[in-house]
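Let's take a relaxed walk through this structure, looking at rings, charges and empty spaces. Have a look at the sequence and the model first.

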Amino acid sequence: MSIWDTLFGRAPGYDPTDGPEFNFGRYTDAYKSPANYAAWDKSLLAFETGNYVESCEAFMAYLLDEREGNVKWKTEGGKLYFEFYQGSKRVTGFADDEQLRATARVAHLDANNADLLHRLTSMNYELKYSRFAIDDDGCLAIVFDTPVNDASPHKLYHALKEMALRADKQDDLLLEEFGDFLSPTEITHLLELSAEDKTRKLDFLRRRIQYVIDYLGKGKLNPEEQPGAVAYLLLDLVYRLDYLLIPEGHTMEALERMHRMYFAREDDQPVTYKNIRLLRELQHLLRRAPESFAEELYAGKSTFGITLPANHDRLVSLIDNELPNMDWYQDNGYVEVASGIPGYIVGYALFNYAVPPPDRSLLQLYYRVCEDEYFRELGFKQQFLDRDGRPARRAIRAAITDIISQHTDVYPRLRPALSQLSFDNLMDFGRSYLLMLRELDLSKP
């Protein structure tokens, strides 16, 4: 048992049968509490006055998300010990009168491999604050250290975020590629999903990908003449899988790669070619072995997010730019494409942005309605589609009202126009729902 286990202990076991214990979507650290901001100010003041260990301690309080229970720290003999979590990784460290040092173990190095070591050396050039190293226990780790008088809160945030995000991503990727030379480490804090829930998630992934493949294979769309329509369907699917499955490792990297590839500004490839690449990536996910996907499904705590903070106007702009494109597809009988455009808007916003909390909750509700069957398979009780597949008016209106009531203390002008919602079918509901979101007043008093 290490000093970290002695100081902090380990989390109790997880019981997946005790209700639907699922998170959805990407973690964001944009929603800080007043206590977090107060801790940030305290950290800045302590650093400016030369109280460096006190500054580091206050910085840990800034990172703390009480809902996640993601950060722990203790001071003993004037020395600060801390640990925090980022997905599958645990970062441990200390700060004293001389230095601050943080380490994230990625995997245990069972045997040397030239290709692996070359890969790590190359990645070191991509890192600004931290570096890959091999610790005294033979573990491959990412390390950040700095003189404590240079550990300002601003530097700490960017440095610890860099190492935490890189460690969380690379452990699964390196283990899959170099599994003969590496073995997992520092994974006791992860919450394992049941075999049944993993199967449900795999079935959802396969069902959704196969649905899009089958639709494109029917010949209703000409991919050469209507590449935009194909792109809407594929990107809606990419974002939907990312949000609802929250996979790690290979699948997460594949979904992120698809997004990066499609929106690469330096890429002059036509949309038709990009669609082909997206489809090939999705087909590869469809063919992967079930056990490989199952290993990527687990729940962990996070400290740093990768989505960018965005205000309500950013969501309004996205809706204004994309939603009118529904009209042509609906008028010409492409119901699947028209229905996919609201899904694309919702998915793009959740994938890229940390929108204000009311927007985030209402965007999540859209997925909850559209994927009602999937959520109920996972154990959620509320039904949001009726037997004919139409949005359930009473349940949806009640859910929106409940969401608004949770945020009126901060956003007192939230008054959604529920009367403008259409419940005839999912396509019309999607349009009316996003128009309702567009008109929300998120101004504060």
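## Rings that meet

Start with a pair of tyrosines: Tyr 366 and Tyr 433 are both buried. Keep in mind as you look around that this is a predicted model. The ring centres of Tyr 366 and Tyr 433 are 6.1 Å apart and the planes meet at 35°, so this pair counts as tilted. Tyr 366 belongs to helix α14 (residues 357-370) and Tyr 433 to helix α17 (residues 426-438), so the contact ties together parts that are 67 residues apart in sequence. These two tyrosines also have company: ring pairs join them into a cluster with Phe 24, Phe 204, Tyr 243, Tyr 367, Tyr 374, Phe 375, Phe 380, Phe 423 and Phe 429.

How many aromatic pairs does the structure hold? The count is 29. One of them brings Tyr 239 and Tyr 348 together edge-to-face, with 6.0 Å from centre to centre and 80° between the planes. Tyr 239 sits in helix α7 (residues 227-245) and Tyr 348 in helix α13 (residues 335-352), so this pair ties together parts that are 109 residues apart in sequence. Tyr 239 has a relative accessible area of 1%, so it is buried. Tyr 348 is buried as well, with a value of 16%.

## Charges over rings

Rings here also have charged partners. The charged end of Arg 26 sits over the ring of Phe 351, 4.2 Å from the ring centre. Lys 32 does something similar with Tyr 62, lying over the ring face at 4.5 Å from the centre.

## A cavity

Now for the empty spaces. The structure holds one cavity of 30 Å³ or more, and the largest cavity has a volume of about 50 Å³. Some names from above turn up in the lining: Arg 26, Phe 351 and Tyr 239 are among the residues there, along with Gly 25, Asp 242, Tyr 243, Gly 347, Leu 350 and Tyr 367. Which elements give two or more residues to this lining? They are α7 and α13. By class, the lining divides into five nonpolar, two polar and two charged residues.

## A pocket

The second largest pocket takes in about 660 Å³ of space. It is lined by 25 residues, and the ones nearest its centre are Arg 208, Tyr 211, Cys 370, Glu 371 and Leu 426. Several helices take part: α6 (195-217), α7, α13, α14, α15 (372-377) and α17 each give two or more residues to the lining. Helix α6 gives the most, with six. Sorted by class, this lining has 13 nonpolar, four polar and eight charged residues.

## Salt bridges across the chain

A search of the whole structure turns up 31 salt bridges. Take Lys 169 and Glu 253, whose side chains meet at 3.3 Å, N to O. Lys 169 is in helix α5 (residues 153-177) and Glu 253 in helix α8 (residues 249-262), so the bridge ties together parts that are 84 residues apart in sequence. Are these two buried or partly exposed? Lys 169, at 23% relative accessibility, counts as partly exposed, while Glu 253, at 13%, counts as buried.

Next come Arg 207 and Glu 377, which form a salt bridge with their closest N and O atoms 3.9 Å apart. This pair links helix α6, home of Arg 207, with helix α15, home of Glu 377, and the two residues are 170 residues apart. Arg 207 is partly exposed at 34% relative accessible area, and Glu 377 is partly exposed at 29%.

Asp 320 and Arg 438 make another bridge, at 2.5 Å, N to O. Here helix α11 (residues 312-322) holds Asp 320 and helix α17 holds Arg 438, so parts that are 118 residues apart in sequence are tied together. Asp 320 counts as partly exposed at 34% relative accessibility, and Arg 438 is partly exposed too, at 26%. Elsewhere, salt bridges that share partners build one network from Arg 26, Lys 169, Asp 242, Glu 253, Glu 256, Arg 257, Arg 260 and Glu 281.

Notes:
Residues are numbered from 1 along each chain as its sequence is written. This is a predicted model: local features need pLDDT of at least 70, side-chain atom pairs count only at pLDDT 80 or more; totals for chains, interfaces and linings use all residues. Side-chain values use heavy atoms; hydrogens and water are left out. Rings of Phe, Tyr and Trp (its six-membered ring) pair if their centres lie within 6.5 Å; planes under 30 degrees apart count as stacked, over 60 as edge-to-face and the rest as tilted. Helices (H or I, at least four residues) and strands (E, at least two) are DSSP runs, numbered from the N terminus. Buried means under 20% relative accessible area, exposed over 50%, partly exposed in between (1.4 Å probe, protein chains only). A charge sits over a ring if NZ of Lys or CZ of Arg is within 6 Å of the ring centre and within 35 degrees of the ring normal. On a 1 Å grid over the protein atoms alone, a cavity is a set of points where a 1.4 Å probe fits but cannot get out, and a pocket is an open set with protein on both sides within 12 Å along at least five of seven lines; lining residues have an atom within 4 Å of a point. Grid points are joined across faces, edges and corners, and a volume is the space filled by probe spheres set on the points. Ala, Val, Leu, Ile, Met, Phe, Trp, Tyr, Cys and Pro count as nonpolar, Asp, Glu, Lys and Arg as charged, and the others, Gly among them, as polar. A salt bridge is a side-chain nitrogen of Lys or Arg within 4 Å of a carboxyl oxygen of Asp or Glu.
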